[in-house]
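Hi,

Here is the structure I promised to pass on. Have a look at it first, and my notes follow right below.

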Amino acid sequence: MANPYGHFDDERREYVITRPDTPWPWLNYLGQDDLFGLCTNTGGGYTFWRDAKLRRLTRYRYNNVPLDSGGRYLYVHDGGTVWNPGWKPVKAALDRYECRVGLGYSRITGERDGLEVSQLVFVPPGHDVELWQVSVRNTSPGRKQPRLFSFVEFAFYEALVDLTNYQRTYSIGEVEVEGAAIYHVTELRERRDHYTVFACTGPVTGFDTSREAFVGVHEGLHEARVPFSGRATGSIAHGWNPIGSHEVSLDLEPGEEQTFAFVLGFVQQGDLPKFEAPQVADKRRGREFVARWSAPGAVDEAFAALNHSWDELLDGFRVECPDPHVTRMANTWNQYQCMATFNLSRSASLFESGIGRGMGFRDSNQDLLGFVHMVPARARQRLLDLAATQLSDGTCFHQYQPLTKKGNADVGGDFYDDHLWLVLSTCAYVKETGDVSVLDEPCGYADVEYPVRSDGATDPRESLLHHLETSIAYTMAKRGPHGLPLIGHADWNDCLNLNCFSTEPNESFQTAGDVAGSQAESVMIAGLFLAAAEELAALYDHLGRPSDAHRVRGQRAEVLAATEAHGWDGEWWLRAYDAAGAPVGTHADDEGRIFVESQGWCALGGAGADGRARQALEAVETHLATPNGIVLQQPAYTRYRLELGEITSYPPGVKENAGIFCHNNTWIHLAWCRLGDGDRALAGYLSVCPSAKEDQIDTYRLEPYVYAQTIAGPDSPTFGEAKNSWLTGTAAWTFVVVSQGILGVQPDHAGLRIDPCIPRSWPGFRVTRRFRGATYEITVTNPDGVSKGVRSIVVDGRAVEGAVDGAVVPAAPAGTVVAVEVVLG
Ligand code: BGC
Ligand code: NOJ
């Protein structure tokens with residue numbers, strides 16, 4: 001069944017939404033540097049600079065009624081009727097509606113009564129501006145004189161205060177208007193050195209800056225007074241709720257089109273004085289900004305630059321293969337989503353309010369795995385920022401605020417997996433780039449004061465490599481009675497809280513409890529450690545430091561022995577030992593007998609090479625796999641268990657309680673690739689792939705172009721329903737599964753390793769991969785219908801010696817194009 005709400009336009013790299021009443025607002029992101037916007041298919045959302053909590057420029061109320069109201073709205077007043085090209089908020093019927101979700105832009109078009117209004121919104125690379133290019137076309141046989149009204153509601157930057165502290169915020173709002181530019185200057189008089197400007201390059205005939213004047217006090221956005229009356233009031237906000245609105249009056253002959261722009265910018269005063277006269281902001285920077293974006297061609301050029309930047313970004317990895325979903329998602333949408341997760345971690349989406357979480361330590365390290373090939377230099381900086389929030393004993397701040405880059409414990413701490421992801425991300429970066437200099441970069445630890453000496457120099461900060469050693473040592477030091485790593489507050493599964501014992505509904509599961517002295521152990525961390533230790537050892541091999549490699553492999557061997565001796569339940573890996581030493585994820589339990597995470601990580605860490613790794617994956621197929629993906633555990637918990645924490649707080653079948661948590665599905669897919677079953681890897685991939693959900697979209701409900709964090713499992717009455725799209729580790733890990741697992745193009749220290757694991761029915765595929773500045777044109781053929789196994793590799797016409805099970809194609813000089821022909825068999 002076709003998706004009634006829209007379709008992919010693969011050629012133009014767009015998803016075309018053709019009905020505004022999607023089963024949930026379908027989101028896009030604008031911006032990829034400092035200024036970001038969330039933009040739904042009806043124009044809803046908000047804009048912020050770097051940090052959705054601390055620098056929110058426009059206002060949005062999450063979970064509002066109606067849902068998703070507030071955004072970058074245009075009201076059209078034409079011949080007495082009022083409508084919006086994006087349908088909301090007025091929801092007047094449209095003769096035609098379309099939202100083209102593109103890479104870094106959305107183009108929303110509505111047509112009614114012979115008038116077509118199109119709004120292209122984007123943030124161009126390298127600029128703190130959100131541009132709305134608006135085209136109004138008269139498609140009727142007669143003359144038309146419509147009036148347009150723009151609308152944004154300004155936020156007072158600190159989003160939590162903005163949403164809660166009305167006794168203050170109703171008194172602080174200040175604006176200035178100069179020509180077609182509306183300046184939101186609240187708090188400039190005190191500690192801020194920035195303001196927001198909203199301007200228009202069209203024929204502006206009026207403005208409003210007071211929400212009470214524009215909307216009314218008792219009215220809603222759908223019945224806002226000004227657009228329905230057809231005349232702006234020229235209101236100046238004094239306190240209450242400042243907004244920005246322009247009235248634009250047009251006169252269009254039949255067939256005539258007029259194009260102009262609205263520009264929304266974040267302006268920093270820099271070294272300029274704040275005021276040019278008492279109570280009058282110095283607006284020089286703002287005027288320059290408005291002039292720059294009003295120049296003829298400026299908006300078109302900026303849009304061309306945005307498209308060009310995405311051409312370049314996506315040129316780093318391209319595939320043509322027999323599966324249309326893999327091709328479409330890997331070439332475009334998966335990489336696009338990886339950009340969003342890299343930039344925003346888990347901070348701002350339709351499921352993350354931008355107030356709760358900043359950059360997650362665990363999350364951002366994993367996000368880097370799917371991003372590092374796109375802009376390695378940004379990945380490098382991220383590694384250093386993350387490492388600098390680690391403490392000298394190895395503990396990591398679980399998150400940091402993007403604006404300040406300072407770690408905090410607001411969303412919890414003592415997650416004993418955090419530090420290990422830094423090893424994986426750093427090694428991925430070094431393999432991608434060959435840049436070993438990053439290992440010597442001074443990062444320092446968040447709890448150490450580095451005194452400034454009399455000569456101005458600071459004490460040397462410990463290097464990134466030092467952090468990796470600290471991380472390995474931390475797990476070695478924190479092991480429990482079975483020699484397995486302690487879990488601390490939780491591991492990757494934030495809801496497996498074995499030390500929480502919370503009986504108090506007023507506390508957060510994520511911060512409650514005390515880990516001191518606890519003996520609860522995690523088999524998943526054991527598997528993760530095995531993988532991380534092997535990565536570090538391989539790095540030492542590459543650095544020519546065999547004794548360090550040997551030492552780390554010795555540590556790994558200790559944990560491997562403990563895992564194999566105490567981590568096995570008989571048919572699968574246990575998940576953990578709780579604080580009382582009882583096994584979790586055992587056949588002996590009535591609920592939560594088998595968990596997915598330890599099956600995936602023990603395989604990826606190389607445990608159970610005696611056949612148990614495969615047996616555990618088979619158990620996943622038998623007990624956890626569904627047509628919509630693999631559920632997290634079975635049977636679902638039906639009662640709250642004090643000793644297990646938040647996981648048992650969810651109703652059966654959702655989130656961590658037997659929901660399909662897509663992120664961990666990817667580890668199973670990758671594990672199948674390691675074990676050589678490409679059919680299972682691809683089938684698993686497709687079971688959670690959003691583009692493959694279009695025929696069940698009314699059940700699935702979320703965007704078909706980005707992965708979701710969860711899909712409800714069969715224990716839930718809403719089996720198949722997705723939640724938490726966009727900001728999920730599923731994005732990065734799926735890119736790893738597809739590019740490195742299935743297609744088998746694996747960055748390695750010595751070069752590009754090629755070791756595909758594909759469905760037997762695939763005759764072959766092609767990949768173009770940018771790697772350390774050279775371009776590899778890789779053609780893989782599969783004459784014998786195998787899943788895995790390389791028979792030969794020919795590079796630029798010369799056979800690579802010993803090309804069995806994935807030979808490494810040596811890194812070629814930057815700028816060269818390398819032809820690689822691979823035959824499986
Ligand atoms: C969610 C987890 C999430 C955690 C973050 C929990 O409520 O179930 O998925 O990682 O909150 O703090
Ligand atoms: C979402 C969190 O962002 C991530 O860090 C965690 O691993 C998963 N939930 C699983 O609980």
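Asp393, Asp414, Asp447 and Asp514 together make up a negative patch on the surface. If you want a way in, start from Asp393, which sits in the loop that links α9 (376-387) to β24 (399-400). Asp393 counts as partly exposed because its relative accessibility is 45%, and the partly exposed class lies between 20% and 50%. Keep in mind that this is a predicted model.

There's a nonpolar patch on the surface too. Tyr166, Tyr170 and Trp240 form that one, and their accessible area together comes to about 320 Å². Tyr166 belongs to helix α2 (residues 166-172). With a relative accessible area of 36%, Tyr166 is partly exposed as well.

Now for the inside. The largest nonpolar core has 249 residues, and the ones touching the most other members are Tyr75, Trp601, Tyr705, Tyr776 and Ile778. Which helix gives the most to this core? That's α12 (residues 523-543), with 14 residues. As general background, nonpolar side chains in soluble globular proteins tend to be buried together.

One more helix to click on: α8 (residues 361-369) is mostly covered, with nine of its nine residues buried. Charged and polar names turn up among the buried residues of α8, including Arg362, Asp363, Ser364, Asn365, Gln366 and Asp367. Phe361, Leu368 and Leu369 are buried in α8 too.

Cheers

How values were computed:
Residues numbered from 1 in each chain as written. Chains lettered and ligands numbered in written order. Predicted model: local features only at pLDDT ≥ 70, side-chain atom pairs only at ≥ 80, totals over all residues. Heavy atoms only, no water. Patch = residues over 30% accessible without salt bridge, like charges linked within 9 Å, V, L, I, M, F, W, Y side chains within 5 Å. Areas by Shrake-Rupley, 256 points an atom, 1.4 Å probe, with all protein chains shown as cover. Salt bridge = Lys/Arg side-chain N within 4 Å of Asp/Glu carboxyl O. Lys, Arg positive; Asp, Glu negative; His and termini not counted. Charge placed at Lys NZ, Arg CZ, Asp CG, Glu CD. Helix = DSSP H or I, 4+ residues; strand = E, 2+ residues; numbered from the N terminus. Buried < 20%, exposed > 50% of the residue type's maximum accessible area, 1.4 Å probe, protein only. Core = buried A, V, L, I, M, F, W, Y, C linked by side-chain atoms within 4.5 Å.
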